[in-house]
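Q: Please take a close look at one part of the structure shown here, the parallel strands and the helices that go with them. I would like the packing described residue by residue where possible.

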Amino acid sequence: MRNIGPGRADEIGRWSEQKLELLEKYLKAYSVVMNGQKTSWLKEYHYIDAFAGSVKPKMKDTGEYIAGSPLRALEATPPFDVYWFIELSPWRLQQLENLRAQFPTRTMRIRQKDCNEVLRNEVVTELTYASKKRGLVFLDPYGLQVEWNTIKALAKARTLDIFVNFPLMGITRLLKRDELPGKNALAILNRVMGSSDWIEQIYQPSLQMSFIDEGSISRDVMRAEWLARVYANQLDQLFSFVSEPAIMTNTRNAALYALFLASHNKKAAKNIGNDIISGYQRLREIGR
């Protein structure tokens, strides 16, 4: 039974709850598959939460406390062998530390560091291909914190699936409607997406027109979905398989994030990941 109760917490919208539900489904599927591999070649498998956040976030609309990503991962069965929780905020970090008493049999590594540093210098160096260790990384940034060099390092290891919540709104804020972004904005785009070669395409008249009057879909949502495809193409250059994106929107139908599963395992990304995400997308289409 989840011990969900009051306390200092992040306030989240309905879309965040949906994101956590998608993560929980994949956590369960991933753990079952990987646990089965321990009878043959696999030594251990890890869960890595790069922006662990508060353990029990609070719903903005109802005031209800729900399980955050760390709690959902710890409750997944079969359990992971090792849990990494990365968080910079002191009060969130304390909540994560309190989980040790609640789950005394779980092996936890809690880090108060920049996630790019931990992922590249600790996770990737431990979960090498030869180590017979594998892992699932959840990248759910508050903004544009995840560097493309980190994504490249995770892909190069060939041992890690990534469940990444790509910050569409953070990217669209850098894109002016009628002129190309400036030097500083381009530097950020290159750091986060690995390239800005696609920029000029989004300002072509033919593409601009495709964002207008597309049924009930707003121009901004169309732009966000196009950006999601750009990011998917970037991921495709690094990972063997990338799922279709789940576009996460707020109550005003503004696109906030695109949720992807990227993996070097076809079954993980194309079968399990796509099944979970396409199910969400179908419900979203019905609700438009």
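A: What follows covers the model as a whole in brief, then the strands, their helices and the cores.

This is a predicted model, in which local features need pLDDT of at least 70 and side-chain atom pairs count only at pLDDT 80 or more, while totals for chains, interfaces and linings use all residues. Residues are numbered from 1 along each chain as its sequence is written, and side-chain values use heavy atoms, with hydrogens and water left out.

The chain has 11 helices and 10 strands; helices (H or I, at least four residues) and strands (E, at least two) are DSSP runs, numbered from the N terminus. Of its 288 residues, 56% are buried (under 20% relative accessible area; exposed is over 50%, partly exposed in between, with a 1.4 Å probe and protein chains only). Among contacts (heavy atoms within 4.5 Å) with a separation of 6 or more, 73% are between residues 24 or more positions apart.

Strand β6 (133-139) is largely enclosed by the rest of the structure, because seven of its seven residues are buried. Lys133, Gly135, Val137 and Leu139 point one way from β6, and Arg134, Leu136 and Phe138 point the other way. β6 runs parallel to β2 (44-49), to which six bridges join it; two strands pair if DSSP finds at least two bridges between them. Across that pairing, Leu136 in β6 is the bridge partner of Tyr47. β6 also pairs with β7 in the parallel sense, over five bridges, and there Gly135 has Leu160 of β7 as its partner. From β6 the chain crosses through α5 to β7, and this β-α-β crossover is right-handed (with the strands pointing away from the viewer, the path from the first strand over the helix to the second runs clockwise).

Strand β5 (residues 108-111) has two unlike faces: Met108 and Ile110 point to one and are buried, whereas Arg109 and Arg111 point to the other and are not. Its parallel partner is β4 (residues 82-86), joined to β5 by four bridges, and Phe85 stands opposite Ile110. The path from β4 to β5 passes through helix α3 (residues 90-102), in a β-α-β crossover that is right-handed.

The 13 residues of α3 should span 18 Å at 1.5 Å a residue, and its end C-alpha atoms are 19 Å apart, which agrees; the expected span is 1.5 Å times one less than the number of residues. Buried in α3 are Trp91, Arg92, Leu93, Gln95, Leu96 and Leu99. Their cover includes α2 (69-74), β4 and β5. Gln95 is buried because its relative accessible area is 19%. Leaving aside neighbours within four places in sequence, Gln95 is in contact with Arg8, Ser54, Val55 and Lys56.

Arg92 of α3 has a partner in the segment before β1 (11-12), where Asp10 is found. The side chains of Asp10 and Arg92 are joined by a polar contact of 2.7 Å (a pair of N or O atoms within 3.5 Å; within protein, one must be able to donate a hydrogen and the other to accept it, and residues adjacent in sequence count only if both atoms are side-chain atoms). Asp10 counts as buried because its relative accessibility is 18%. Not counting residues up to four places away in sequence, Asp10 touches Gly53, Ser54, Pro57, Lys58, Trp91 and Arg92.

At the start of helix α4, a side-chain oxygen of Asp114 reaches to within 2.8 Å of the backbone nitrogen of Asn116. The 12 residues of α4 (residues 115-126) should span 16 Å at 1.5 Å a residue; the end C-alpha atoms are 15 Å apart, which agrees. Cys115, Asn116, Val118, Leu119, Glu122, Val123 and Val124 are the buried residues of α4, and they pack against β2, β4, β5, β6, α5 and β7.

The largest nonpolar core (buried Ala, Val, Leu, Ile, Met, Phe, Trp, Tyr and Cys residues joined through side-chain atoms within 4.5 Å) holds 53 residues, of which Leu139, Ile162, Ile171, Trp198, Leu235 and Phe260 touch the most other members. Helix α10 (residues 219-236) gives the most to this core, with eight residues. Apart from this core lies another, of 38 residues, among them Leu74, Leu93, Leu99 and Tyr257. Leu139 itself, not counting residues up to four places away in sequence, touches Ala50, Leu119, Val146, Ile151, Leu154, Ile162, Phe163, Val164 and Asn165.
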